[in-house]
Structure formats: C-alpha cells, structure tokens
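Dear colleague,

Please find below the structure that I am handing over to you. My findings follow it.

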Amino acid sequence: MPNINAENQKLLIKAYIKLLDTIAGGEKIEIESQRDITENRYLVLVHGISKHIQGYSNSWWKALEPHVGQVFGNGNLDDRRKEVIWSDLVNTREINAVDEQKKQQLRQEIENILEDRQRQEIAVSSGEKNITRNIPSVMERGDGFALDDFLVYMLNEKMRQRIIDRFTKIVEPLLTANNALDIISHSWGTVVAYEGLRELEQQSTARRGKVSNFFTVGSALSLPLRNSLRNENKKGDRPVLFNNWFNLDAKGDFVGGMLQGKFAITKEFLELEPTECDRGLLGYSLGCAHGSYFKENNLAVNRDIFARFINTNQQ
C-alpha cells in the first residue's frame with residue numbers, strides 16, 4: 001500500500017465525509033465549528049462497568065485507528081491516547097459497605113427498567129402487543145452483566161468523588177494546557193465523564209481547552225435515574241466545555257437509549273445493529289449488544305460516526 005502523507009490523508013478524509021453525506025441523502029447535521037486538526041488533539045477513553053485494566057482501550061483504538069489517520073499521532077497509549085481507569089475502586093469491600101436495603105431497592109429498580117426495555121423490544125420484533133409468555137430475565141441473558149458498579153457510584157458519595165477524580169486527573173491538565181479533546185465514554189463511564197466535566201466547568205480555574213466531541217455509547221444516562229445524579233446535574237445541562245455531544249445505542253443494549261429531551265445533546269444514533277451478535281427469538285443479548293460498538297468490523301460506529309466527526313473540522 002503506498003505511503004500517504006498527512007496532507008493527502010486529510011484531503012482523503014474530507015472527500016470520504018462528503019461521500020457519506022451524499023449517501024445519506026444530503027442530510028446536514030449541524031455541529032459547531034472545531035479547530036483545525038493539529039498536534040494538540042487528544043483522545044480520552046472512559047470505560048464502563050466490570051473490571052478494566054491498563055490497556056483496555058487498545059482494542060477500541062484498533063477499531064478506530066484505520067479511520068482517523070494521524071489526528072492523534074500514532075495513538076500510543078499515554079501519549080495522545082489517554083485511559084480513565086476506575087473499576088479497581090469498586091471492590092467487594094466497597095460494595096458490602098453500601099446500605100443493603102438501599103442497594104437491593106436500587107438494584108431491583110434498575111433490573112425492572114431493563115426488563116421493561118427488553119419486553120418492549122421483543123414486542124416490536126415479534127408484533128406481540130401484550131407479552132404474557134415467560135421470557136428469560138434480561139440479567140440471565142446479560143453474559144455476566146453486573147450492576148454493582150452502578151450501585152456503589154450512586155449510593156456512596158465518597159466513592160463517587162473518588163471515581164470522578166480519576167477522570168478529572170486525566171482531563172483537567174489537558175484542558176488547562178489548551179488541548180482539544182475527543183472523549184469516548186461507555187456504559188456507566190458516560191455518567192462518570194458527564195459529571196466529571198460538569199465538575200470541571202464549575203471550578204474557577206481558567207481552562208482554555210475544549211472537548212471537540214463527547215461520545216456517549218450505550219449510556220446509562222438514559223436510565224430514568226436522574227435523581228441519583230448530583231443536584232447540579234439533574235437538569236441535563238450541557239457543559240460549556242463541549243463543542244458537540246453525540247449519543248449512540250445499539251439494538252439489545254438496554255442500558256443505553258435516547259438522551260434527546262433529557263440532555264442537551266447535538267445528535268444521536270439509535271437502533272444501531274450490534275456487530276458480531278446473533279439475533280435470537282428474543283433479540284440480541286444485553287451483554288453482546290452492550291460491547292458491540294468497539295469491534296473492528298463495526299464500521300457503522302467506528303468509521304461512520306466516531307471518525308466522521310473526529311475528522312470533521314466544520315460541517
């Protein structure tokens with residue numbers, strides 16, 4: 001394959017974006033103007049529930065890299081690609097320390113929401129208006145999907161702050177140094193990133209940087225639990241640090257969903273087909289759909305959404 005210099009690469013990217021718009025029937029998505037693609041562009045990844053260790057974003061980057069050229073240089077970890085890691089804070093001791101009655105009540109509330117979303121999707125797929133037959137619990141079909149991270153974050157304010165601190169420790173220095181950030185957050189990581197950015201916004205320290213694009217993927221912000229957010233975040237205000245906020249959700253991912261009308265987002269992409277997931281009689285499993293966004297062959301997400309807006313200076 002011939003070498004393509006940076007300038008030609010940017011021209012190819014712009015041409016590809018124009019082609020996407022043509023294929024989409026000329027749809028024009030109004031997004032705010034971003035600065036030129038320069039060497040001060042950083043990618044920040046924020047994981048969701050379950051255990052994650054350093055390097056978890058390598059697979060995310062492998063799926064995205066072919067479509068973003070040199071926007072983030074070589075995309076080397078801890079260079080211009082940064083990971084927020086917080087799952088090690090949510091351990092058995094912290095889970096057990098949460099009030100048992102409150103924990104079980106909130107767990108049941110979340111499970112009920114997920115079950116209701118599953119029934120709605122089955123109803124749409126099957127044409128059944130009222131589903132009376134027994135169906136497996138969405139948690140049984142969740143491939144080990146766990147709720148403890150949700151519960152600890154929402155019921156333990158000290159732990160919430162420690163988790164948010166992991167995010168701000170990475171992001172604040174980059175913004176203070178006048179960098180442009182693209183943030184991809186997943187699952188409960190979307191809540192961490194949103195509340196972390198709101199916290200940075202409210203602090204008095206002057207910051208010159210900007211979040212060019214904020215992506216919420218399979219976002220737990222869609223769950224009707226806004227009362228569990230910090231008081232200042234319950235209205236769903238959009239941080240002034242943002243240029244654009246894009247929300248993504250796949251079929252079968254009952255954690256994610258629509259944010260429009262609840263939060264001041266720019267655009268959302270719903271009912272995406274989950275990659276590498278088998279659709280059974282009951283639809284896609286939660287676990288597979290929830291992790292489908294970062295597969296290498298999921299071009300609809302990595303090329304046509306993430307890279308499209310990361311590569312776009314203005315549209």
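What percentage of the 315 residues of the chain count as buried? In this predicted model, 55% of them do. The accessible surface of the chain amounts to about 14700 Å², and carbon and sulfur atoms account for 47% of that surface. The secondary structure consists of nine helices and six strands. As for contacts between residues at least 6 apart in sequence, 78% of them link residues at least 24 apart.

I would first draw your attention to α7, which covers residues 189-202. This helix has 14 residues, and its first and last C-alpha atoms lie 20 Å from each other. That span is close to the 20 Å expected at 1.5 Å a residue. The helix is mostly covered, with 12 of its 14 residues buried. Among these buried residues are Gly189, Val191, Val192, Tyr194, Leu197 and Leu200, and the list also includes Glu195, Arg198 and Glu199. The elements against which the buried residues of α7 pack are the strands β1 (41-46), β3 (180-186), β4 and β5 (242-250), together with the helices α5 (148-155) and α6 (157-176).

The loops on either side of α7 each hold a residue of note. Ser187 is located in the loop between β3 and α7. Is Ser187 buried or exposed? It counts as buried, because its relative accessibility is 0%, and the cut-off for buried is under 20%. The phi angle of Ser187 is near 60 degrees, a positive value in a residue other than glycine. Most residues other than glycine have a negative phi.

Arg208 occupies the loop between α7 and β4 (210-217). Its relative accessibility is 58%, so Arg208 counts as exposed, the cut-off being over 50%. Although Arg208 and Asn178 are 30 residues apart along the chain, their C-alpha atoms are separated by 4.7 Å.

A further positive phi occurs at Asp78, where the angle is near 70 degrees; this residue, too, is other than glycine. Asp78 sits in the loop between α2 (58-64) and β2 (81-84). With a relative accessible area of 48%, Asp78 is partly exposed.

To recapitulate the two residues with positive phi described here, Ser187 is buried, whereas Asp78 is partly exposed.

With kind regards

Notes. Residues are numbered from 1 along each chain as its sequence is written. This is a predicted model: local features need pLDDT of at least 70, side-chain atom pairs count only at pLDDT 80 or more; totals for chains, interfaces and linings use all residues. Side-chain values use heavy atoms; hydrogens and water are left out. Helices (H or I, at least four residues) and strands (E, at least two) are DSSP runs, numbered from the N terminus. Buried means under 20% relative accessible area, exposed over 50%, partly exposed in between (1.4 Å probe, protein chains only). The expected span of a helix is 1.5 Å times one less than its number of residues. Contact means heavy atoms within 4.5 Å. Accessible areas come from the Shrake-Rupley method with a 1.4 Å probe; for residues, only the protein chains shown count as cover.
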